[in-house]
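Let us take a friendly walk through a protein model together. Have the sequence and the 3D view ready, and look up each residue as it comes along.

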Amino acid sequence: MAVTRRHLMPFGAQLMDDGRVRFRLWAPGADTVELSLRGLEPEEHLLMTPEDDGWFGIITGFGSSAYYYQYRINGTDYVPDPASRYQPETVHGASQIIDPGDWEWQDQDWRGRPWEDVVLYELHIGTFTPEGTFAAARQRLDHLADLGVTALQLMPIADFPGNRNWGYDGVLPFAPARAYGTPDDLKEFIQTAHAKGLMVFLDLVYNHFGPEGNYLNLYAPAFFTDRHQTPWGSAINFDDAGSTWVRSFFVHNALYWLEEYHVDGLRFDSVHAIFDDSDASRPPFFEYLAQEVRHAHGYDRHIHLVLENDNNAAYYLRPNPAKSHNSHYNAQWNDDIHHVLHLLLTGETAGYYQDYARHAINCLGRCLTEGFAYQGEVSAYRDGKPRGEPSADLPPTAFVAFLQNHDQIGNRAFAERLSTLCSQEALRAATAIILLAPSVPLLFMGQEWGASTPFPYFVDFSEDLSEKVAQGRLREFSRFPEFNGSRNIPLPHHINTFLSAKLDWQERDQPIHRQWLNYHRQLLNLRQQYIQPRLSGLSGGQSGYRLLGERALAANWRLADHSQLELIANLDDEPIAIDSSSAGEVIFTTDNAIADLRQPAMLPPWSVLWLLTES
């Protein structure tokens with residue numbers, strides 16, 4: 001039986017049961033607000049009623065589903081609804097009234113999948129297919145289901161200025177980007193993914209709005225505060241006067257995607273750039289957000305919350321038994337394991353890689369068995385400031401591990417993928433570590449077949465702003481030795497930069513790419529067979545590692561069923577002698593690795609073995 005889904009919000013346009021439409025806008029900086037309705041001849045302007053605490057509202061019989069509308073501030077400035085469900089033209093233009101009840105969902109039996117099932121696949125809708133739409137991406141879901149991933153991590157889809165963007169310059173967080181399709185197209189994509197056993201995660205950006213198309217300062221300057229500064233200017237206001245409604249705006253945004261679009265998980269971008277110095281009378285924003293989400297959705301299906309946090313704040317990942325509410329997050333993206341593996345594979349030590357150069361293999365062992373490499377140690381890259389918190393008590397599943405993602409490719413001057421920066425043997429070894437370790441693995445689109453296409457940063461701003469962005473990129477990369485003064489880096493606003501990022505699906509049929517695809521399928525099949533069934537209820541503090549050489553280690557984990565998982569890896573160009581007493585069954589070995597560990601032996605260069613000892 002089909003169902004409809006709607007999230008009720010205290011703002012925006014809401015179709016009421018009696019056929020009328022309620023509009024509400026928080027505009028504490030405005031003297032007057034009018035509702036401008038398009039679809040009527042002549043265009044109708046309706047004065048909205050001032051309410052307490054800076055709100056304006058109106059309920060009218062004019063307007064219905066598909067009508068276009070704007071707000072007119074102080075009789076002069078037309079602005080879109082900040083809670084717009086869809087922008088059919090541009091982020092500067094009219095919003096469209098959307099009736100969520102018009103879409104009938106067919107996935108009423110979907111309850112998601114438990115966290116231990118998660119294998120993430122990050123993709124950018126605009127470059128995942130030649131067409132760059134939700135509808136075209138839906139046609140590729142069989143490929144992803146056959147690959148063995150279980151959760152699609154969409155890069156931000158909130159509407160942005162222009163026709164192309166990574167998504168981190170969004171300005172209307174409730175509106176799916178019109179460049180990718182309509183709200184119904186997105187719902188069809190999600191529903192089809194569920195039918196194939198795939199979860200869908202959204203990437204949400206709550207640390208800033210994009211530099212073009214954000215009109216909040218015009219009528220709601222209290223949305224921002226000078227108490228904190230970010231790389232994008234004044235911070236979004238989570239703790240100053242008026243912050244109650246700002247916090248509400250973003251909590252409703254998270255609930256909106258979970259309820260109205262039936263997504264399974266949310267990833268929160270760069271939460272270290274979100275500041276909340278609220279007093280003890282209310283919880284910090286991200287604790288409050290998790291509490292509200294868990295309370296609303298913790299009983300009928302699996303909902304997963306993931307952080308990106310350069311601070312390595314482990315307390316977000318740790319349930320607090322002293323609190324009656326559940327306000328923790330499932331996991332954090334673990335940049336540490338990416339950085340140390342990238343260093344070991346490429347030899348690069350500039351930028352943040354410098355923090356891992358002296359004790360690389362030790363950092364890797366710590367990431368594999370304790371979560372973070374930096375758990376309070378001083379970071380040279382961060383000007384000698386301590387970074388991180390102790391994390392060894394957390395289960396490995398509290399960390400998302402990856403060799404590549406959008407940032408780690410696109411924030412390079414020439415946006416090269418790892419497959420162009422290291423040997424094939426090295427990449428095979430690192431891939432086997434990431435995909436079979438107990439941590440939650442993540443692949444970036446095309447990684448599974450060794451895609452050759454880069455993934456450069458791209459935008460479609462106005463001419464002046466585009467030039468400023470391009471100059472900023474040149475200044476940023478001038479600090480890195482591989483840049484070497486080159487001015488031939490891809491310019492973000494050029495259309496060819498965007499087109500170069502589109503996956504070439506025909507590559508999959510070439511022999512070398514087909515080998516990589518089969519390799520990833522093999523590893524993910526082994527994960528599903530041997531690792532995944534033993535992760536439910538996995539606790540922390542049940543793992544360890546020892547060094548076998550300057551670039552070799554052995555790591556072990558006691559899994560939830562009391563079996564022992566062991567990794568032996570040599571990430572060097574030279575062989576190394578090992579003497580293992582393991583009696584476990586070899587469940588995987590790279591092509592050039594030994595499989596008989598009963599006698600002291602030489603472990604070849606760039607070789608990996610995984611062993612399992614049943615309980």
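What follows covers the barrel, the nonpolar cores and some ring partners. Keep in mind that this is a predicted model.

**The barrel**

Start with the strands. Eight of them close into a barrel, and going round it you meet β10-β11-β14-β17-β18-β19-β22-β23, with parallel pairing. From one strand to the next, the twist averages 30 degrees. In general, strands of a sheet are held to each other through backbone hydrogen bonds, in either a parallel or an antiparallel way.

For one pairing in detail, find strand β18 (residues 304–307) and strand β19 (residues 331–333), which pair in the parallel sense over two bridges. Here Val 306 stands opposite Ala 331 in β19.

**The nonpolar cores**

In soluble globular proteins, nonpolar side chains tend to be buried together. In this model, the largest nonpolar core has 168 residues, and Phe 23, Leu 152 and Phe 268 have the most contacts inside it. Try selecting Leu 152: leaving aside neighbours within four places in sequence, its contacts include Tyr 121, Leu 123, Phe 189, Met 199 and Phe 201. Another core, of 14 residues, lies apart from the largest one, and Trp 115, Leu 120, Ala 151 and Phe 201 are among its members.

**Rings that meet**

The structure holds 49 aromatic pairs. Two of them are set out here.

| Aromatic pair | Arrangement | Centre to centre | Angle between planes |
|---|---|---|---|
| Trp 55 and Trp 245 | edge-to-face | 5.0 Å | 85 degrees |
| Tyr 206 and Phe 250 | tilted | 4.6 Å | 50 degrees |

Each pair links distant parts of the chain. Trp 55 belongs to strand β6 (residues 55–60) and Trp 245 to helix α6 (residues 243–260), 190 residues apart. Tyr 206 sits in the loop between β14 (199–204) and α5 (216–219), while Phe 250 is in helix α6, 44 residues apart.

Are these rings buried or exposed? Trp 55 has 3% relative accessibility, so Trp 55 counts as buried. Trp 245, at 27% relative accessibility, counts as partly exposed, because the cut-off for buried is under 20% and that for exposed is over 50%. Tyr 206 and Phe 250 are both buried.

**Charges over rings**

Go back to Trp 55 for another partner: Arg 24 lies over its face, at 4.3 Å from the ring centre. Elsewhere in the model, Arg 428 lies over the face of Tyr 519, at 3.9 Å from the ring centre.

Definitions and conventions. Residues are numbered from 1 along each chain as its sequence is written. This is a predicted model: local features need pLDDT of at least 70, side-chain atom pairs count only at pLDDT 80 or more; totals for chains, interfaces and linings use all residues. Side-chain values use heavy atoms; hydrogens and water are left out. A nonpolar core is a set of buried Ala, Val, Leu, Ile, Met, Phe, Trp, Tyr and Cys residues joined through side-chain atoms within 4.5 Å. Buried means under 20% relative accessible area, exposed over 50%, partly exposed in between (1.4 Å probe, protein chains only). Contact means heavy atoms within 4.5 Å. Two strands pair if DSSP finds at least two bridges between them. Helices (H or I, at least four residues) and strands (E, at least two) are DSSP runs, numbered from the N terminus. Axes are lines fitted to C-alpha atoms, for helices over the stretch in contact, and angles run from 0 to 180 degrees between N-to-C directions. Rings of Phe, Tyr and Trp (its six-membered ring) pair if their centres lie within 6.5 Å; planes under 30 degrees apart count as stacked, over 60 as edge-to-face and the rest as tilted. A charge sits over a ring if NZ of Lys or CZ of Arg is within 6 Å of the ring centre and within 35 degrees of the ring normal.
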